[in-house]
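Work through the exercises below with the structure open beside you. Try each task before reading its solution.

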Amino acid sequence: MTSPSPVLRADHVAVRFGGVRALDDVSLSLRPGEICGLIGPNGAGKTTFFDVLSGIRRPDAGRVHLDGTDVTRRSPVWRARHGMRRTFQRQQLFGQLTVADNLVVAQEWRGGGGGLPADLLGARTRRTYERERRARAAEVLRACGLAGLGDTCAAALPVGRARMLELARAVADRPRVLLLDEPAAGTTAEESQQLADVIGRLSEHEDCAVLLVEHDVAFVMEVSTRIVVLDLGRVLAEGTPAEVRADRRVREAYLGAATAARAGAASPSRDALHGSDLP
Ligand SMILES: Nc1ncnc2c1ncn2[C@@H]1O[C@H](COP(=O)(O)OP(=O)(O)OP(=O)(O)O)[C@@H](O)[C@H]1O
């Protein structure tokens with residue numbers, strides 16, 4: 001059986017900031033249901049790559065394809081409407097809304113069905129859509145272990161629950177591609193385990209492709225089926241978690257950064273500290 005075509009593909013992406021090559025000939029593809037971890041020391045280019053994939057930054061060279069369509073010049077909104085979602089390191093919840101309403105709002109861009117005239121005339125249609133969205137919100141909250149918190153104000157959630165709600169909100173609309181930027185930041189070991197479980201189930205049951213940037217290397221290794229390692233804007237290594245763990249160049253990149261950080265270099269590396277845990 002042939003494997004499905006990539007739902008997201010980046011080819012030979014390059015980004016420069018003055019003399020700094022933030023990304024240099026980076027290619028990566030994601031297939032439906034795949035969870036790919038993107039790791040690398042500080043300054044490796046992970047955020048810049050996410051910005052290019054999500055449309056926040058135009059690359060100086062290279063192309064991005066979503067479901068076979070060249071989206072390199074498409075806006076973040078266009079990409080979102082065609083099935084791409086991104087979460088950010090900083091939480092972006094609607095704090096004044098309830099947990100459930102955060103998920104309903106995430107689906108509302110689709111409108112009431114049939115556009116404005118139907119919205120104006122078809123009150124029953126609108127109610128039907130609202131019911132469907134509430135049902136989907138309840139389903140996702142259950143899957144994320146947040147079922148009992150639907151009526152809670154989002155701003156009142158502790159960090160771990162808020163991180164889970166970010167994930168829940170990103171998946172409420174059944175994205176085809178999910179870019180997760182540090183989903184486990186600030187969570188306890190138990191909470192990050194729950195996040196890992198949810199991400200795994202999501203890709204399995206909803207066929208969503210996940211690209212994951214996370215400084216907690218142990219978390220990435222557990223949840224990902226494939227890992228891509230960036231260093232100084234280039235792909236340093238790629239493979240299964242076991243292959244990447246065993247790669248001498250990866251260990252050197254992380255351990256080298258850790259040594260530099262210990263010596264008081266300008267950019268101490270949280271990844272490196274985790275990286276030094278690479279078995
Ligand atoms: N707006 C910018 N202007 C100038 N240089 C930038 C800009 N954004 C990123 N860079 C540089 O590009 C390189 C890649 O940065 P990027 O933030 O993508 O790395 P990263 O892997 O996400 O790092 P971190 O793990 O610290 O978030 C770094 O050398 C960084 O200093």
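Two strands pair if DSSP finds at least two bridges between them. Keep that cut-off at hand for the sheets below. The model is a predicted one.

**Exercise 1. Get an overview**

Task: Find how many helices and strands the protein has, and how its domains are laid out.

Solution.
- Step 1. Count the elements: there are 11 helices and 10 strands.
- Step 2. Split the chain. The domain assignment gives domain 1 as 8-93 + 175-275 and domain 2 as 94-156.
- Step 3. Look where the domains meet. Here 4 residues of domain 1 are in contact with 7 residues of domain 2. On the domain 1 side, the touching residues are 2 nonpolar, 1 polar and 1 charged.
- Step 4. Check burial: of the 279 residues, 40% count as buried.
- Step 5. Check the reach of the contacts. Take those between residues at least 6 apart in sequence; 66% of them join residues at least 24 apart.

**Exercise 2. Trace the antiparallel sheet**

Task: Give the order of the 4 strands in the open antiparallel sheet, and say which strands stand at its edges.

Solution.
- Step 1. Read across the sheet: the order is 2-1-4-5, with antiparallel pairing.
- Step 2. Find the edges. Strand 2 (20-30) and strand 5 (69-70) each have a single partner strand, so one side of each is left without a neighbour in the sheet.
- Step 3. Move inward. Strand 1 (residues 8-17) and strand 4 (residues 61-66) run antiparallel and are joined by 5 bridges. In this pair, A10 stands opposite V64 of strand 4.
- Step 4. Add the helix. Helix 1 (residues 46-54) lies across strand 1, strand 2 and strand 4. Its angle to strand 1 is about 125°.

**Exercise 3. Trace the mixed sheet**

Task: Do the same for the open sheet of 6 strands, then follow its pairings.

Solution.
- Step 1. The order is 6-7-8-3-9-10, and the pairing is mixed.
- Step 2. Strand 6 (84-86) and strand 10 (234-239) stand at the edges. Each has a single partner strand, so one side of each lacks a neighbour in the sheet.
- Step 3. From one strand to the next, the twist averages 15°.
- Step 4. Start with strand 3 (residues 35-39). Strand 3 pairs with strand 8 (residues 209-213) in the parallel sense, over 4 bridges. L38 stands opposite V213 in strand 8.
- Step 5. Go to the other partner. Strand 3 and strand 9 run parallel, joined by 4 bridges. C36 stands opposite R226 in strand 9.
- Step 6. Now take strand 9 and strand 10. They run antiparallel, with 5 bridges between them. D231 has R234 of strand 10 as its bridge partner. The hairpin they form has 2 residues between the strands, and L232 there takes a positive phi near 50°.
- Step 7. Judge the cover on strand 9: 5 of its 6 residues are buried.
- Step 8. Return to helix 1. Helix 1 also lies across strand 3, strand 6, strand 7 (177-181), strand 8 and strand 9 (226-231). Relative to strand 7, the helix runs at about 150°.

**Exercise 4. Describe the ligand shell**

Task: Say which residues are around the ligand, and which element supplies the largest share.

Solution.
- Step 1. List the shell: F17, V20, A22, G40, N42, G43, A44, G45, K46, T47 and T48.
- Step 2. Sort the shell by type: 4 nonpolar, 6 polar and 1 charged.
- Step 3. Assign elements. Strand 2 and helix 1 each supply at least two residues. Helix 1 gives the largest share, with 3 residues.

**Exercise 5. Check two loop residues**

Task: Are D67 and E182 buried, exposed or partly exposed?

Solution.
- Step 1. Place D67: it lies in the loop between strand 4 and strand 5. Its phi is near 50°, a positive value in a residue other than glycine.
- Step 2. Place E182: it lies in the loop between strand 7 and helix 7 (189-206). E182 is not a glycine either, yet has a positive phi of about 55°.
- Step 3. Apply the cut-offs. Buried needs 20 or more other C-beta atoms within 10 Å, and exposed needs 12 or fewer.
- Step 4. D67 has 16 such neighbours, so D67 counts as partly exposed. E182 has 19, so E182 is partly exposed too.

Terms used:
Residues numbered from 1 in each chain as written. Predicted model: local features only at pLDDT ≥ 70, side-chain atom pairs only at ≥ 80, totals over all residues. Domains from an automatic or database assignment. Contact = placed C-beta atoms within 7 Å. Nonpolar A, V, L, I, M, F, W, Y, C, P; charged D, E, K, R; others polar. Axes fitted to C-alpha atoms, helices over the stretch in contact; angles between N-to-C directions. Near = placed C-beta within 6 Å.
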